[in-house]
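Colleague: Got a minute to walk me through this model?

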Amino acid sequence: NLYWTDTGTDRIEVTRLNGTSRKILISENLDEPRAIVLHPVMGYMYWTDWGESPKIECAYLDGSERRVLVNTSLGWPNGLALDLEKDKLYWGDAKTDKIEVSNRAILGCILRKQVMFSCAALCLGYIYPFFE
């Protein structure tokens, strides 16, 4: 399946790769949905919303059990990456110029911290987070 956010219509949708069975999953309480990532094994999707109250949310792949994971100290969260092995959710914020990470994103328990990057790693196109 193909999942996407639509900022023009403020929706999250899904379709089969051949274009059939298109379905609106979430269309309420979205202001400016942006990035979306999936955890297909666990059946979760995560997305960012830039709106007046910026947030990062998750739900099951069918749109049920929606919940807010992060809604403080965000500006324009617009990039997401999911590390399935380490159970971490990374996001970039274009307004605060930060890249942050949360632990235990899959379980919905957010322990958040800013990630530092080396200039050389970024310039070479690699991202190496520095952890304790």
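Modeller: Sure, here is a quick tour of the fold, the cores and one residue. This is a predicted model, where local features need pLDDT of at least 70, side-chain atom pairs count only at pLDDT 80 or more, and totals for chains, interfaces and linings use all residues. Residues are numbered from 1 along each chain as its sequence is written, and side-chain values use heavy atoms, with hydrogens and water left out.

Colleague: How many helices and strands are in the chain?

Modeller: One helix and 11 strands, counted as DSSP runs (H or I, at least four residues, for helices; E, at least two, for strands) and numbered from the N terminus. The strands come before the helix in the order β-β-β-β-β-β-β-β-β-β-β-α.

Colleague: What share of the residues is buried?

Modeller: 38% of the 132 residues, with buried meaning under 20% relative accessible area by a 1.4 Å probe, protein chains only.

Colleague: And which residues touch the most others in the largest nonpolar core?

Modeller: Y46, I56, L80 and L89, out of 13 residues. Such a core is a set of buried Ala, Val, Leu, Ile, Met, Phe, Trp, Tyr and Cys residues joined through side-chain atoms within 4.5 Å. Strands giving it two or more residues include β4 (33-39) and β9 (88-93). Another core, of 10 residues, lies apart from it, with Y3 and M45 among them.

Colleague: Switching topic: where is A59, and is it buried or exposed?

Modeller: A59 is in strand β6, and it counts as buried because its relative accessibility is 0%.

Colleague: What does A59 touch?

Modeller: Leaving out residues up to four places away in sequence, its contacts include I26, G43, M45 and W47, where contact means heavy atoms within 4.5 Å. The C-alpha atoms of A59 and G43 are 8.5 Å apart.

Terms used
Buried < 20%, exposed > 50% of the residue type's maximum accessible area, 1.4 Å probe, protein only.
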